[in-house]
Structure formats: structure tokens, C-alpha cells
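Visitor: Before we begin, may I ask you to set each statement against the definition it rests on?

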Amino acid sequence: MTGVLECDDLTVRYAGNVALSGVKISVPRGKMIGLVGANGAGKSTLVNALAGWSRGRAIVTGKVNLEGQGIDDLAPHERVTRGLTLVPEGKNIFVELTVDENLELVRPPRDTNGRHIFSIPDVFDFFPRLAERRHHRGAALSGGERQMLAVGRALLAGPRVLMLDEPSAGLAPRLISDLLSRIRLLVDRGLPVLLVEQNVKAALKVVDHLYLLERGRIVGEGSAEIMAADQRIVEAYLGTIAAGARA
Ligand SMILES: Nc1ncnc2c1ncn2[C@@H]1O[C@H](COP(=O)(O)OP(=O)(O)OP(=O)(O)O)[C@@H](O)[C@H]1O
Ligand SMILES: [Mg+2]
């Protein structure tokens with residue numbers, strides 16, 4: 001089966017330093033794929049390269065396919081138009097505008113073929129908290145509410161595939177599981193998701209498949225079940241749980 005979004009031999013260099021090397025991943029239809037790794041491993045570099053942009057002067061080589069078509073030559077905004085949507089690291093909202101205004105500003109896709117279409121009422125159904133805060137400005141929202149608003153804006157763009165770069169950053173553990181399980185509902189409705197996540201324990205509860213990135217290379221991958229037992233994952237991210245389970 002071919003993935004909705006795939007890359008092969010993706011390499012990113014910043015001023016001669018290799019930040020990503022020969023990466024091959026696939027996001028299949030209707031699946032939630034996780035990407036984990038230490039700080040500086042290259043997670044943001046990877047999702048940014050898939051979206052077609054970088055924070056600095058980067059040289060990107062390799063292949064990126066969306067629905068089987070090469071999109072390497074497309075600019076970031078053209079990739080968005082095709083339905084490749086990224087909620088980048090940090091808060092991607094207008095803090096001066098209200099929740100309603102933030103949502104109303106998003107232009108719905110012109111080409112709806114193969115896209116997952118969401119309305120503003122759909123966004124409020126997924127995130128009822130946003131409906132309660134609809135007249136508040138972005139600046140007055142909590143971290144979790146801002147993340148919901150950023151995801152809501154991405155949904156209104158009619159994604160074919162949604163990439164999320166650490167949507168749970170800064171949230172309390174209880175709010176992390178809540179946000180990730182809401183995102184899982186979107187996947188169960190058919191939307192493929194690539195999730196970058198620091199909280200590996202929470203990610204393993206919702207993803208179908210997990211990639212482990214170390215120093216710019218994919219060093220492991222497998223189903224959530226297999227990766228939950230992978231020694232590198234257990235030692236680096238689940239150590240206290242494993243110790244607790246033995247106790
Ligand atoms: N604009 C840039 N110029 C030079 N080097 C960069 C640039 N952006 C990132 N890097 C380097 O590339 C490597 C990967 O960074 P990246 O931001 O992708 O890591 P990450 O896995 O997302 O980390 P984090 O978990 O902290 O978000 C790091 O060594 C980083 O310092
Ligand atoms: Mg990052």
C-alpha cells in the first residue's frame with residue numbers, strides 16, 4: 001500500500017551540517033504515525049522539509065510524494081493548496097484576533113477532491129472548549145486552547161494529511177492525553193496524521209506506527225506495540241514506567 005505522504009532519502013543540510021540524513025517514512029491512509037526523538041534529533045527539520053520550508057538556509061535533497069505525485073518542486077503555499085498541512089512548533093494563531101476571527105480567516109480549499117472537509121461547527125464539536133471561548137482573543141487563551149485553535153485552523157484548510165509538530169508542548173499530562181485522544185478521533189474519521197511528540201508514553205497510546213529519530217536518522221520503527229517494548233524507547237522514554245511495572 002502506498003502512503004498518502006511519503007519521503008525517500010530526504011536529507012537536509014544547514015551550512016554544511018547534516019540535520020537529516022536519508023530519511024524514508026510513509027503516512028498511510030487513515031493512520032496516525034508518530035515521530036519521536038531527543039531534542040535536536042531533527043524532528044522539526046523533517047516535518048518542515050515535508051512542508052517545503054526551513055527556519056534557515058537549508059539544502060534539501062530527496063523525494064517527497066503526496067498521493068503518489070512528486071511535490072519536491074512545489075513551494076510551501078502550493079503544498080498547503082494541495083492539502084499538505086503543518087501545524088508548526090509553537091502557536092500558529094493570531095493573538096490579537098478572537099477565536100471566531102482566527103477560524104473565519106481560513107480560506108476553505110477550492111479543490112475538495114480527496115480532502116477532509118471540516119466546518120467551523122465541526123471544529124467546535126471536536127474542541128467544545130473553543131466554542132466556549134469563541135469571543136476571546138488568542139492572547140487570552142491557555143496553551144492548550146491555543147493548540148486546539150491552531151489545529152482547528154489547520155482542519156478548516158481541508159487537509160489531505162495533517163502534520164503536527166509537538167502540539168502538546170507545555171501542556172500538563174492530563175491535557176496532553178485529552179488533546180491526543182481528540183486528534184485520534186480525527187484519524188478514526190479518516191484523516192491521516194503525522195505527529196511529532198515529546199511525550200512518548202502518551203504518543204504510544206494513540207499512534208498506529210512509530211518512528212524513532214536519532215541524530216537525523218531513522219533508527220527504529222514499528223507498530224505502537226512493538227515500539228513500546230523497544231529497548232531504546234524503554235530506556236530513553238519509558239524507564240520510570242518499566243521500573244514501576246516491575247515493582
Ligand atoms: N536554521 C538552522 N540553522 C542551522 N542549524 C539548524 C537550524 N535549524 C535546526 N538546526 C539544527 O538541526 C538539528 C535538528 O534540529 P530540529 O529543530 O529539527 O530538532 P528537533 O528534533 O525538532 O528538536 P526539539 O525536540 O528540540 O524540537 C539541530 O542540531 C539544530 O541545531
Ligand atoms: Mg522540534
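Guide: Helices (H or I, at least four residues) and strands (E, at least two) are DSSP runs, numbered from the N terminus. In that numbering, helix α1 (residues 43-51) gives three residues, the largest share, to the shell around ligand 1. This is a predicted model, in which local features need pLDDT of at least 70 and side-chain atom pairs count only at pLDDT 80 or more, while totals for chains, interfaces and linings use all residues. Side-chain values use heavy atoms, without hydrogens and water.

Visitor: What makes an atom pair between T45 and ligand 1 a polar contact?

Guide: A polar contact is a pair of N or O atoms within 3.5 Å. An N or O atom in the side chain of T45 is 2.5 Å from an oxygen atom of ligand 1, so the pair meets that definition. A polar side-chain atom of N39 lies 3.0 Å from an oxygen atom of the ligand 1 molecule, and a backbone N or O atom of G56 lies 3.4 Å from a nitrogen atom of ligand 1.

Visitor: How do you know that the length of α7 agrees with that of a helix?

Guide: The expected span is 1.5 Å times one less than the number of residues. For the 16 residues of helix α7 (residues 173-188) that should be 22 Å, and the end C-alpha atoms are 23 Å apart, which agrees.

Visitor: Which residues of α7 are called buried?

Guide: Buried means under 20% relative accessible area, exposed over 50%, partly exposed in between (1.4 Å probe, protein chains only). The buried residues of α7 are I176, L179, L180, I183, R184, L186 and V187. Because they cover an arc of only 150 degrees around the axis (taken from the directions from the helix axis to the C-beta atoms), they lie on the same side of α7. The face turned away from that buried side carries the exposed residues R174 and D188.

Conventions: Residues numbered from 1 in each chain as written. Chains lettered and ligands numbered in written order. Polar contact = N/O pair within 3.5 Å; in protein donor to acceptor, adjacent residues only side chain to side chain.
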